[in-house]
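User: I'm new to reading protein models and would like a close look at one part of this one. Could you take me through it slowly?

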Amino acid sequence: LEELIPVEQAKFKKLKQEHGNKVLGEVTVDQAIGGARGVKCMIWETSLLDAEEGIRFRGLTIPELQEQLPSVTGKPGDEPGPESLLWLLLTGEVPTASQSQALTEELHSRSELPAHIEPMIRSFPKTMHPMTQFS
C-alpha cells in the first residue's frame with residue numbers, strides 16, 4: 001500500500017489542479033434533502049450500485065469477489081476477508097493472500113486504544129449524541 005497510495009493521491013491532485021474550477025452540474029433542494037440521490041458529486045470509482053445488477057466493487061460483482069479475493073478460510077469461493085476487500089477498494093488491485101494477511105496484521109497492530117480512552121467514553125452522558133462524542 002505504501003507504494004500504491006501516493007500514485008492515487010498524485011492522480012487526484014493533478015485532476016484538481018487541471019479541472020478544479022469546472023462546473024459538473026446543478027443540484028436541486030429536493031436532491032440535497034434526499035441525500036444527493038442522482039447527483040454526480042464525487043469522483044470515486046470504488047463501487048457502483050445498479051438497480052438491476054446489484055452492487056459492483058471496482059467493477060466486480062459479489063460472486064466475482066468471492067472467486068477472486070483471498071478468503072478468510074483460505075478456500076477459493078468462500079467469503080472474502082474484509083481486508084481483501086479494503087485492499088481492492090484502496091488500490092483497485094486484487095490482493096494476494098500474503099498482501100491481505102499483511103494488511104490484517106497492520107490493522108491489528110494499530111487497534112489498541114490508549115488506556116484513557118475507554119474510561120473517557122464510558123463517562124459521557126448516556127443521552128449525548130454520538131456525533132457530539134466524536135467532536
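Which side chain meets arginine 56 in a salt bridge, and how far apart are the N and O? I'd also like to see how that pairing fits in with the rest of the chain.

Analyst: Sure, let's start right there, keeping in mind that this is a predicted model. The partner you're after is glutamate 64: its side chain and that of arginine 56 meet in a salt bridge, with 3.8 Å from N to O. Here a salt bridge needs a Lys or Arg side-chain nitrogen within 4 Å of a carboxyl oxygen of Asp or Glu, so a pair at 3.8 Å makes the cut. The general idea is simple: side chains of opposite charge can pair when their charged atoms come close.

How covered up is glutamate 64? Its relative accessible area is 31%, so glutamate 64 counts as partly exposed.

Now let's look at other pairs, since the structure holds 6 salt bridges. One of them links lysine 11 to glutamate 8, and their closest N and O atoms are 3.1 Å apart. Both residues belong to helix H1, which covers residues 4–19. They are 3 residues apart there, so about one helical turn separates lysine 11 from glutamate 8. Glutamate 8 is buried, because its relative accessible area is 18% and the cut-off for buried is under 20%.

Another pair is arginine 122 with glutamate 118, where the closest N and O atoms are 2.8 Å apart. You'll find both in helix H6, residues 117–122, sitting 4 residues apart, or about one turn of the helix. Arginine 122 has 65% relative accessibility, so it counts as exposed. Glutamate 118 comes out as partly exposed, with a relative accessible area of 41%. Back at your starting point, salt bridges that share partners tie Glu53, Arg56 and Glu64 together into one network.

Charged pairs aren't the whole story, so to speak. On the surface, Ile5, Leu86, Leu90 and Leu107 form a nonpolar patch, and together they have about 270 Å² of accessible area. Take leucine 86 from that group: it is found in helix H4, residues 82–91. Leucine 86 is partly exposed, with 32% relative accessible area.

One more residue is worth a stop. Glutamine 31 has its place in helix H2, which runs over residues 29–33. At 23% relative accessibility, glutamine 31 is classed as partly exposed. If you leave aside its neighbours within four places in sequence, glutamine 31 is in contact with Glu26, Ala36, Arg37, Gly38 and Val39.

Let's zoom out to the whole chain. Its secondary structure comes to 7 helices and 2 strands, and along the sequence these follow the pattern α-α-β-β-α-α-α-α-α. The radius of gyration is 20 Å, well over the 14 Å that the globule rule gives for 135 residues, so the chain is more spread out than a compact globule. Along the principal axes, the C-alpha atoms fill a box of roughly 45 × 45 × 35 Å.

What about burial overall? Buried residues make up 16% of the 135 residues. The chain exposes about 11000 Å², and carbon and sulfur atoms supply 58% of that area. Finally, of the contacts with a separation of 6 or more, 35% are between residues 24 or more positions apart.

How values were computed:
Residues are numbered from 1 along each chain as its sequence is written. This is a predicted model: local features need pLDDT of at least 70, side-chain atom pairs count only at pLDDT 80 or more; totals for chains, interfaces and linings use all residues. Side-chain values use heavy atoms; hydrogens and water are left out. Buried means under 20% relative accessible area, exposed over 50%, partly exposed in between (1.4 Å probe, protein chains only). Contact means heavy atoms within 4.5 Å. Patches are made of residues with over 30% relative accessible area and no salt bridge: like charges are joined within 9 Å, nonpolar side chains (Val, Leu, Ile, Met, Phe, Trp, Tyr) within 5 Å. Accessible areas come from the Shrake-Rupley method with a 1.4 Å probe; for residues, only the protein chains shown count as cover. The radius of gyration is taken over C-alpha atoms; the globule rule is 2.2 Å times the number of residues to the power 0.38.
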